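Please open the model in a viewer and keep the sequence at hand. The tour below proceeds by selections, each followed by a description of what is found there.

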Amino acid sequence: MKLICPECRHENEPERIYCHDCGARLDRSAIAQAKPKEEPPQETQRRLRSILKPKGLIMRQRLLQGLKVILGAMLLAAVVQMLRAPDLPENPDSSAEMPSQINLELEDAAMAPPGGPPLRYTQDQVNAYFAYRLKTKRKALSDYLQFERGVIEFDDKFARFTVERSLLGISIFTSARFTAQIQAGTISVQVLGGKIGRLPLHPKLMAYTGVFFSDVRSALDRECKSISKMGGIEFQPKTVILARKAAQLP
């Protein structure tokens, strides 16, 4: 509402007392008599509801709640998969005869003249040796989780090594799938992936699971050094073949 100056007829803002143009005193009685427009109660309630609970906010809240449910279900499923035991070969029979002395055979092959037949071991032979050897190396294994066993599985061109440990009676299985080559007296290993329980892990994530395997490798360091002196390593289904170094041509 504008205030009209009675002297010069200039339109002034409603908050002015004197005319902005000529300085005459303005008549503010019209403003004092003007009553504010009353809003119906129903319109006031509707407007308040729209302010307090807008449709967009409700949709965002419902979407956020849905995402929380989905993420919670995914996390629970991942934990369940991590605690599930993978399919592994049976434990070697403790009542069976003493396992093959693979360590001595590897040392003899490494010191023997080049040439000769390769060493061939079945998956069962290697696992029986692991059970015997790691049992005598308990002190070299990690104390953070109770070591139970280590299991190797051979397949076409790759192998899978699984370590079972326990915490408060709950078994935790960590496995790594890898290929291996012997190059210049060194075992070169390429990790292809792995699992915690039955939960698959990307090869890049396997770098963070090294603590589950490092102590076992240290316990088998003697065998690893002997294998590195061989000519080659080949994985076949349930079999590993260690080739001797080739004889030098005259």
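Begin with helix α5 of this predicted model. Select Gln123, Val126, Asn127, Tyr129, Phe130, Arg133 and Leu134: these residues of α5 are buried. Now look down the axis of α5; the buried residues fall within an arc of 160 degrees, so they line one face of the helix. Next, select Asp124 and Lys135, which are exposed on the other side of α5.

Turn the view to see α5 from the side, and select its full extent, residues 123-135. The helix has 13 residues and should span 18 Å at 1.5 Å a residue; the C-alpha atoms at its ends lie 18 Å apart, which agrees.

Return to Val126 and display its surroundings. Apart from neighbours within four places in sequence, Val126 is in contact with Ile102, Tyr121, Ile152, Phe154 and Val240.

The next selection is strand β4, residues 146-155. This strand is mostly covered, with seven of its ten residues buried. Add strand β5, residues 158-167, which pairs with β4 in the antiparallel sense over nine bridges. Within this pair, Phe154 stands opposite Ala159 of β5. Then move to the hairpin of β4 and β5, where two residues lie between the strands. Lys157 in this hairpin takes a positive phi near 75 degrees.

Which residues touch the most other members of the largest nonpolar core? Select Val126, Phe130, Ile152, Phe161 and Val216, which have this role in a core of 32 residues. Colour the elements that give two or more residues to this core: α4 (102-111), β3 (119-122), α5, β4, β5, β6 (170-183), α6 (214-219) and β10 (239-243). A second, separate core has five residues; select Leu3, Cys5, Cys19 and Leu26, which are among them. In soluble globular proteins, nonpolar side chains tend to be buried together.

Finally, clear the selections and view the whole protein chain. Its secondary structure comes to seven helices and ten strands. Of its 250 residues, 28% count as buried. A surface display shows the protein chain exposing about 17500 Å², of which carbon and sulfur atoms supply 57%. Among the contacts in the protein chain with a separation of 6 or more, 50% are between residues 24 or more positions apart.

Methods: Residues numbered from 1 in each chain as written. Predicted model: local features only at pLDDT ≥ 70, side-chain atom pairs only at ≥ 80, totals over all residues. Heavy atoms only, no water. Helix = DSSP H or I, 4+ residues; strand = E, 2+ residues; numbered from the N terminus. Buried < 20%, exposed > 50% of the residue type's maximum accessible area, 1.4 Å probe, protein only. Contact = heavy atoms within 4.5 Å. Areas by Shrake-Rupley, 256 points an atom, 1.4 Å probe, with all protein chains shown as cover. Expected span 1.5 Å × (residues − 1). Arc of directions from axis to C-beta. Pairing = 2+ DSSP bridges. Core = buried A, V, L, I, M, F, W, Y, C linked by side-chain atoms within 4.5 Å.
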